[in-house]
Amino acid sequence: MYPAPIEDYIRPRTLAEAVSALARYAPGEAVFLAGGQSLMQAMKSRMVRPRCIVDLQTLTELKGIRISDGLAIGAMTRYVEIAESQAIGPAYAALQDAAQHVGDRQVRNRGTLGGSVCWNYLASCMPAVTLGLGGTMQLLAANGKTRAVSADDFLIAPLETARAEDELLTSITFPAAPANTGSAYKKWGLVTDALPVVGVCMQVTLNAAGACSAARIALSGLSAGAQRAPAGEALLVGSKVDESAMKRALEAIVGSVDAQSDKWADTAYRHQLIRTLGLDVANSAFARARGV
Amino acid sequence: MKTISVTINGEAYVETVPVRMLLVDFIREKCGLTGTHVSCTYEGVCGACTVQLNGEAIKSCMMLAAQADGHRVTTVEGLANGEELTPLQKAFKAHHGLQCGFCTPGILMNMTEFLQKNPRPTDDEIRRGLVGNLCRCTGYVHIVDAVRAAANSAT
Ligand SMILES: Cc1cc2nc3c(=O)[nH]c(=O)nc-3n(C[C@H](O)[C@H](O)[C@H](O)COP(=O)(O)OP(=O)(O)OC[C@H]3O[C@@H](n4cnc5c(N)ncnc54)[C@H](O)[C@@H]3O)c2cc1C
Ligand code: FES
Ligand code: FES
């Protein structure tokens with residue numbers, strides 16, 4: 001485990017410098033380095049052998065959590081900052097559930113939200129969470145063009161995103177949530193705070209009568225990558241939000257997803273994880289939506 | 001090659017290093033500070049290489065030395081004030097928080113920052129704080145005892 005030789009290391013001072021530094025190399029030869037908690041591993045195993053590193057550490061525009069007509073989180077915002085933030089309300093609390101349990105303190109002191117979604121590893125938390133919360137990726141290309149891509153369109157498959165080779169993720173934005181919206185995320189891994197074998201994220205909204213008026217559910221850890229669970233969403237919406245409605249929705253998810261068997265868990269065990277984690281997540285998301 | 005300047009334990013080290021050099025190797029081999037350990041062949045999972053970057057615990061095999069250019073690093077050698085150990089170091093000694101000691105520098109660097117952020121932790125919080133540091137000797141019980149004792153000894 002040691003990186004192959006690297007020719008150059010650049011620490012751009014502006015966003016324009018960052019994207020143009022990358023564009024000076026052939027696609028794939030220069031890479032952005034955020035917290036390095038995935039990329040360093042990939043370089044040490046030589047799955048990635050860049051000629052040039054473009055280190056994003058000084059770009060303050062990419063850092064921080066902003067609340068104004070929704071929520072915007074800079075791509076370089078670290079897990080520790082999301083975990084400890086006082087500004088993220090119940091509608092987006094799933095981000096904090098996830099950030100508080102990523103890896104370990106040292107990983108949370110370095111790893112970033114943007115790095116996680118751009119890497120889009122199969123067993124990871126933030127891709128499914130941004131999908132479950134309806135996040136939008138804000139991208140900047142070398143020619144100065146910006147575009148916004150929904151998490152649904154951005155997260156294509158494990159290790160694959162809609163980000164063009166020369167694009168920088170600047171932030172992830174989340175729409176202002178309606179009143180009585182809550183979210184939650186929970187995962188199960190082999191040891192404490194390990195990579196998710198299965199993770200479940202839900203965001204739900206209650207109407208004045210206390211019924212569920214909107215729901216998004218996303219899963220992590222399945223072989224197709226972070227994915228929505230529309231079968232479960234459809235059953236939650238309109239329901240009275242009791243335990244039997246939650247269980248029916250989770251059973252519909254179990255019946256509709258493709259859950260692989262591997263050395264960490266077989267299909268039946270993954271199904272059971274979806275049921276068990278899903279019930280906890282639903283209870284916690286609805287409790288947050290009620291403001292308790 | 002890159003010429004970098006890193007302040008380690010208050011001393012500036014200016015060296016020209018290959019871009020691919022890991023921070024842990026810079027600390028051990030360029031600066032001769034071998035208190036920072038490597039126990040998982042740089043796989044990022046053992047925590048023995050934990051140092052503080054600008055006061056925050058990080059794994060130094062998960063960073064290039066070039067990334068630390070212009071920053072402040074603290075290693076285990078930087079904790080004690082001469083012969084005067086920190087309360088956490090004293091507590092490790094008093095509570096047998098180490099056996100072979102290979103994991104100890106990383107644990108001290110991590111838990112020193114942990115206690116600064118959370119001076120009155122519960123045992124559960126201490127255990128969660130230790131997730132990134134593997135110890136193959138102690139079974140962690142004495143480590144948790146030591147961290148708790150250090151928290152209680154602080155005034
Ligand atoms: C011990 C350990 C435990 C872990 N446990 C978990 C866990 O429980 N759950 C979990 O989800 N993850 C876990 N991870 C992975 C961790 O979350 C990584 O931090 C994250 O996947 C990558 O974020 P980063 O900032 O470190 O990005 P980097 O590793 O620096 O970059 C990752 C990729 O994204 C690209 N990139 C980064 N930022 C941008 C940007 N702004 N624009 C465009 N491209 C960009 C890079 O070029 C690279 O390809 C763990 C990692 C370790 C080492
Ligand atoms: S050497 Fe094991 S985590 Fe760095
Ligand atoms: S004391 Fe030996 S590994 Fe911890």
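# A walk through chains A and B

Start with the whole structure on screen: a search across all chains turns up zero disulfides. Keep in mind that this is a predicted model. The tour takes chain A, then chain B, and then a handful of residues to click on.

**Stop 1: chain A**

Select chain A and colour it by secondary structure. You should be able to pick out 11 helices and 14 strands. Turn the chain around to get a feel for its extent: the C-alpha trace spans about 60 × 45 × 30 Å along its principal axes. The radius of gyration is 19 Å, which agrees with the value near 19 Å for a compact globule of 292 residues.

Now switch on the surface for chain A. Its accessible area comes to about 11,600 Å², and carbon and sulfur atoms account for 54% of that. Of the 292 residues, 57% are buried. Contacts are worth a thought here too: among those between residues at least 6 apart in sequence, 63% join residues at least 24 apart. If you colour by charge, there are 28 positive and 26 negative charges to find, and their mean positions lie 3 Å apart.

**Stop 2: chain B**

Hide chain A for a moment and select chain B. Here you'll see five helices and five strands. Follow the ribbon along the sequence and the order reads β-β-α-β-β-β-α-α-α-α. The C-alpha trace spans about 45 × 30 × 25 Å along the principal axes. With 155 residues, chain B would be expected near 15 Å in radius of gyration if it were a compact globule, and its 15 Å agrees.

The surface of chain B exposes about 6,700 Å², with 51% supplied by carbon and sulfur atoms. Buried residues make up 53% of the 155. For contacts with a separation of 6 or more, 53% come from residues 24 or more positions apart. Colour by charge again: the 14 positive and 15 negative charges have mean positions 3 Å apart.

While you're in chain B, click on two cysteines. B:Cys61 is buried, at 2% relative accessible area. B:Cys103 is buried as well, at 12%.

**Stop 3: two residues with a positive phi**

Most residues other than glycine have a negative phi. With that in mind, bring chain A back and select A:Asp193. Its phi is near 60°, a positive value in a residue that isn't glycine. Look for A:Asp193 in the loop between strand E11 (181-188) and strand E12 (198-206). Is A:Asp193 buried or exposed? A:Asp193 has a relative accessible area of 9%, so it counts as buried.

Next, go to B:Thr41. This one also isn't a glycine, and its phi is positive, about 45°. You'll find B:Thr41 in the loop between helix H1 (23-30) and strand E3 (50-53) of chain B.

**Stop 4: contacts across the two chains**

Show both chains together and select A:Gly35, in the loop between strand E2 (30-33) and helix H2 (39-44) of chain A. A:Gly35 is buried, with 4% relative accessible area. Which residues does A:Gly35 contact, leaving aside its neighbours within four places in sequence? They are A:Arg110, A:Gly111, A:Thr112 and, over in chain B, B:Met62. For a sense of distance, draw a line from A:Gly35 to A:Gly144: the two are 109 residues apart in sequence and 24 Å apart from C-alpha to C-alpha.

Move on to A:Asp8, which sits in strand E1 (residues 8-10) of chain A. A:Asp8 is partly exposed, at 25% relative accessibility. Apart from neighbours within four places in sequence, its contacts in chain A are A:Tyr25, A:Arg51, A:Cys52 and A:Ile53, and in chain B they are B:Lys2 and B:Val19. Another line to draw runs from A:Asp8 to A:Gln41: 33 residues along the chain, with 19 Å between C-alpha atoms.

Finish on the chain B side with B:Lys117, in helix H3 (residues 104-117). B:Lys117 is partly exposed, with a relative accessible area of 41%. What does B:Lys117 contact, leaving aside its neighbours within four places in sequence? The partners are A:Val80, A:Glu84 and A:Arg105. For a last distance, pick B:Met1: B:Lys117 is 116 residues away from B:Met1 in sequence and 37 Å away in space, C-alpha to C-alpha.

Note on methods:
Residues numbered from 1 in each chain as written. Chains lettered and ligands numbered in written order. Predicted model: local features only at pLDDT ≥ 70, side-chain atom pairs only at ≥ 80, totals over all residues. Heavy atoms only, no water. Disulfide = S-S within 2.5 Å. Buried < 20%, exposed > 50% of the residue type's maximum accessible area, 1.4 Å probe, protein only. Helix = DSSP H or I, 4+ residues; strand = E, 2+ residues; numbered from the N terminus. Rg over C-alpha atoms; globule rule 2.2 N^0.38 Å. Contact = heavy atoms within 4.5 Å. Areas by Shrake-Rupley, 256 points an atom, 1.4 Å probe, with all protein chains shown as cover. Lys, Arg positive; Asp, Glu negative; His and termini not counted. Charge placed at Lys NZ, Arg CZ, Asp CG, Glu CD.
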